[in-house]
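Student: I have a model open and would like to practise reasoning from values to labels. Could we go through its hollows and helix packings together?

Tutor: Gladly! Here it is.

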Amino acid sequence: MFEAMQNFIQVVEAGSFSAASQVLNKNASSVARQIDKLEQQLGARLFNRSTRRLELTLAGQGFYQQSLDIMAAIEEAKHSVQQKCDEIKGQIAISAFDSYGRMRITPLLPRFCETYPQTQVALSLSNSVVDLYESHFDLAIRHGRPSDSNLIMRRLQIDTAKLVAAPEYLAKHPPIEHPDDLKQHNCLTLHRQRQHTYWYFQQEHHQHKIKVTGSLSACGGEPLIQWLKEGLGITLISEWIVADALASGELVEVLPDWQGQLNSNEAPSIYMVWTQAAAQKPAVRSMIEFLTEHLGSL
């Protein structure tokens, strides 16, 4: 209806469909059909038409004035938003742990800069925990709840895990109907300085702790995904890492009726944290709201 309203205003101001069509760069018949459709939607005739003249009806006069008011309000709203965006300027430095920053933060930042063209964003990918008080960073994305209670924090998502494998791997190996069946499989694991690796599964009140072994392990999730796609094994991994591969069908979820975890505690969450000083910067506040909108799942 918005486009039809714009065309209606142009017809009124031009005085005819043909004159309006030249301004709108459309066929006169197309403009006339759009006005016909608008009248049907409104349930009222807007014009009295004749071969010589095009006059507004009483309903048309009222709708014309309301349409002008609506368009003026839209323009004012656009100007307000644009003015606000113009006011958001400056540098924003973000530290994010490697895999999440690479897969989830990196693709979003160009969109932020497009919305706020006077900002400059610097992203650092590292699994080291930066000191937001001593460093130049404004925001940090961390895995697990920060221990510093003086930091302001916002949970972006719960880090749930999925047991996944490639269809080709599952077709060539024994079926997996229970967590205990994983003992017969090549389990690809996140490398930790422990003698053994355990995966934890829960279904209602049933809990299982499974010791898993495999030929390959990695410090991050991306090598595991590559090996999975090559059909080399099965893994339990954060859902956000495999979401795209699951959506494309490259990987499939195994034991979907069981909730898997990489440790015996409650599933950790991913947090965005910042200091009171950083929150004073309009650009940082805009980034906080932007990331919350696109990543937040509270």
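Student: Which residues line the largest cavity?

Tutor: Keep in mind that this is a predicted model. The lining of the largest cavity is made up of Leu190, Arg192, Thr197, Tyr198, Trp199 and Leu262. Strand S9 (residues 197–203) gives the largest share of that lining, three residues.

Student: What makes it a cavity and not a pocket?

Tutor: The test is whether the probe can leave: in a cavity a 1.4 Å probe fits but cannot get out, whereas a pocket is an open set. The structure holds one cavity of 30 Å³ or more, and the largest cavity has a volume of about 50 Å³.

Student: How do the residues of its lining divide into nonpolar, polar and charged?

Tutor: There are four nonpolar, one polar and one charged in the lining of the largest cavity. Tyr and Trp count as nonpolar along with Leu, while Arg counts as charged and Thr falls among the polar ones.

Student: Now the open spaces. Which residues lie nearest the centre of the largest pocket?

Tutor: Those are Phe97, Ser99, Asn127, His143 and Asp159, out of 36 lining residues. Strand S5 (139–143) is among the elements that give two or more residues to this lining, as are H5 and H9, and S5 gives the most, with four residues. The pocket holds about 710 Å³ of space, and its lining divides into 16 nonpolar, 14 polar and six charged residues.

Student: What is the volume of the second largest pocket, and what lines it?

Tutor: Its volume is about 180 Å³. It has 16 lining residues, with Thr189, Gln195, Thr197, Val212 and Ser217 nearest its centre. Strand S8 (189–190) and strand S10 (206–212) are the elements that give two or more residues to this lining. By class, the lining of the second largest pocket has four nonpolar, nine polar and three charged residues.

Student: On to helices. Why is H5 called oblique to H9?

Tutor: The axes of helix H5 (residues 98–105) and helix H9 (residues 239–248) come within 10 Å and cross at roughly 40°. Roughly parallel needs an angle under 35 degrees, and roughly perpendicular runs from 65 to 115. The angle of roughly 40° fits neither label, so H5 is oblique to H9. Their crossing is left-handed.

Student: Which residues make that contact?

Tutor: From H5 come Ser99, Tyr100, Met103 and Arg104, and from H9 come Trp240, Ile241, Ala243 and Asp244. By class, that is five nonpolar, one polar and two charged residues.

Student: How do you know that H2 and H3 are roughly perpendicular?

Tutor: Helix H2 (residues 17–24) and helix H3 (residues 28–42) pack at about 105°, with their axes 8 Å apart. The perpendicular class covers 65 to 115 degrees, and H2 and H3 are therefore roughly perpendicular. In their contact, Phe17, Ser18, Ser21 and Leu24 of H2 meet Ala28, Val31, Ala32 and Ile35 of H3. This contact has six nonpolar, two polar and no charged residues.

Student: And why are H1 and H3 called roughly perpendicular?

Tutor: Helix H1 (residues 2–14) packs against H3 at an angle of about 115°, with the axes 9 Å apart. The class runs from 65 to 115 degrees, and H1 and H3 are therefore called roughly perpendicular too. Their crossing is left-handed. Here Glu3, Ala4, Asn7, Phe8 and Val11 of H1 meet Val31, Gln34, Ile35 and Leu38 of H3.

Notes. Residues are numbered from 1 along each chain as its sequence is written. This is a predicted model: local features need pLDDT of at least 70, side-chain atom pairs count only at pLDDT 80 or more; totals for chains, interfaces and linings use all residues. Side-chain values use heavy atoms; hydrogens and water are left out. On a 1 Å grid over the protein atoms alone, a cavity is a set of points where a 1.4 Å probe fits but cannot get out, and a pocket is an open set with protein on both sides within 12 Å along at least five of seven lines; lining residues have an atom within 4 Å of a point. Grid points are joined across faces, edges and corners, and a volume is the space filled by probe spheres set on the points. Axes are lines fitted to C-alpha atoms, for helices over the stretch in contact, and angles run from 0 to 180 degrees between N-to-C directions. Angles under 35 degrees count as roughly parallel, over 145 as roughly antiparallel, 65 to 115 as roughly perpendicular and the rest as oblique. A crossing is left-handed if the near helix is turned anticlockwise from the far one by less than a right angle, and right-handed if clockwise. Contact means heavy atoms within 4.5 Å.
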